[in-house]
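This report concerns aromatic rings, charges placed over rings, and one annotated position. The sequence and the structure are shown first.

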Amino acid sequence: MPVEAERREALLRQLDGFLERFSVDERSKHDCEVFRGLYEQFLTEPATIDWSQMHPIGDDIQRDYGSLPECEDIEAVLEKVVVVKLNGGLGTTMGCRVPKSLIPVRDGETFLDFAIKQHTVGTEDHPETFLFQATNERYGSRVPLYLLNSFRTEEATREALKERPEGADLIRQFSQSRCPRLDAETLLPAAEGPEASAEEGWYPPGHGNVFRAMHHSGVLQTLLDEGRHVCFVSNIDNTGANLDLRLAKFFLDSGAEYVMEVTPKTEADVKGGTLIEINGRIMHLEMPQVPAEHVDEFCSLRTFKIFNTNNIWIDLRAVRRRLDAISMEIIVNKKTLSCGRRVIQLETSIGGAIRNFERVFGVCVGRHRFLPVKRTQDLLAIKSNVYSVDAEHVLRLQVPRAPFVALSFHYDAVHDFDARFAEIPDMRALQKLVVAGDVRFGTGVVLQGDVEIVGDGEVAERVCKGRILL
């Protein structure tokens, strides 16, 4: 959003006065420095790309997972690897005010439980956590698991980890920055306004902040000192994103600095970010960077056939070399506070970091590595017998294709969702489920084929025990 020079200088002066008042310790000074950089970039860079200079990536950049060789030198590879889970979000889209990672997924286990059990080991003292196929247990490795928290999730996550048994010593944490929301009209911090509460006035600036957070916390240097420079990053709500040895091996053998896992685009993914070539570099293109007149083309399956899973592999040695120059496209996220005030958040994504690295690739993986849960309708699918949990504690699809699920607003919040299912239905033969209105499911329900259920609008309709819907 380029702003003319005189206004830009005035805004920067006012922002600096605000940031000076909030720079009270080392952490807040660092956060203010991070935001100052985002803000200046926001005022100077164009919001959208020059569409005429863009084209999809070529075969020299994209690889197919099926062509990757098996990893035979497993021990040598795992000595170089670290896993980072992005754990900064709350479950607000599902009516929760707790970290999303603490929402139960299956059999009482949360996203955090899944992340830990995929990567850590059980002990003789705690056999309930013994998973033969979990990465560290299976290979006798010591791959650490780091959680990138935000100021909204760090305390609750810390408390949850206190309940973990001994043997989970490889679980470590660090936090991203805390930045002020901007008033949409004045483009100045909303946190100064009397209506903005302490919580509403601030936000975490997106997972593109991971590199600065790693450096500031000392995690980056610690990992490099340990010889761990292959960093695998994924969203904590993506239970399909476990550590994959073939991808780790490819990353090392190819000399890559950055690898993005992509997967074929479907009608459900039209808004997902994709990879393009523009002005001689590779860029991660997201909807906010698309000119309005080209949005339909961006969403089309004809032009862009892959999208970003947000499973990212990065060489931490390259991060250290480029740290001072790393930048990502600004994502302007518009919000409305509880008082009705319109604000914006300046965010960056880890996908956007690809433009900073040499020798980058997009590896096309199967859909099984992309199982995010954004709404309760996603939760219904992974709770059902459409999926099972394998020996590596990864959810695996048990049918040829996951069903399409659309639930009414009555299910939006997790507690409302739970109240409407006495038991998750048998969905193995389901192709499509659409629920309109307030409908409650009893036990023993079987859903088959294309199912549409409409509540009567007043009294919740109940799908009775043992009822098979075709």
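## Surroundings of His207

Apart from neighbours within four places in sequence, His207 is in contact with Leu86, Asn235, Asn310, Thr348, Ser349 and Ile350. The model in which these contacts were computed is predicted. Along the chain, His207 lies in the loop that runs between β10 (202-203) and α7 (210-217). Its relative accessibility is 23%, so His207 counts as partly exposed; the category of buried residues is reserved for values under 20%. In the UniProt record, an unreviewed entry, the annotation "binding site" covers His207.

## Aromatic rings

The structure contains 16 aromatic pairs. One of them joins Phe298 and Phe304 in a tilted arrangement, with 5.9 Å centre to centre and 55° between the planes. Both residues of this pair, Phe298 and Phe304, are buried. Elsewhere in the description of rings, Tyr411, Phe417, Phe421 and Phe441 are linked by ring pairs into a cluster.

## Charges over rings

Charged side-chain ends also sit over aromatic rings, as the table sets out for Arg246 and Lys265.

| Charged residue | Ring | Distance of charged end from ring centre |
|---|---|---|
| Arg246 | Tyr65 | 4.6 Å |
| Lys265 | Phe298 | 5.1 Å |

Phe298 thus appears in two settings: the ring of Phe298 lies beneath the charged end of Lys265, and Phe298 forms the tilted aromatic pair with Phe304. Phe298 is itself buried.

Methods: Residues are numbered from 1 along each chain as its sequence is written. This is a predicted model: local features need pLDDT of at least 70, side-chain atom pairs count only at pLDDT 80 or more; totals for chains, interfaces and linings use all residues. Side-chain values use heavy atoms; hydrogens and water are left out. Rings of Phe, Tyr and Trp (its six-membered ring) pair if their centres lie within 6.5 Å; planes under 30 degrees apart count as stacked, over 60 as edge-to-face and the rest as tilted. Buried means under 20% relative accessible area, exposed over 50%, partly exposed in between (1.4 Å probe, protein chains only). A charge sits over a ring if NZ of Lys or CZ of Arg is within 6 Å of the ring centre and within 35 degrees of the ring normal. UniProt positions are given in the numbering used here, feature names are shortened, and annotations may be inferred rather than shown by experiment. Helices (H or I, at least four residues) and strands (E, at least two) are DSSP runs, numbered from the N terminus. Contact means heavy atoms within 4.5 Å.
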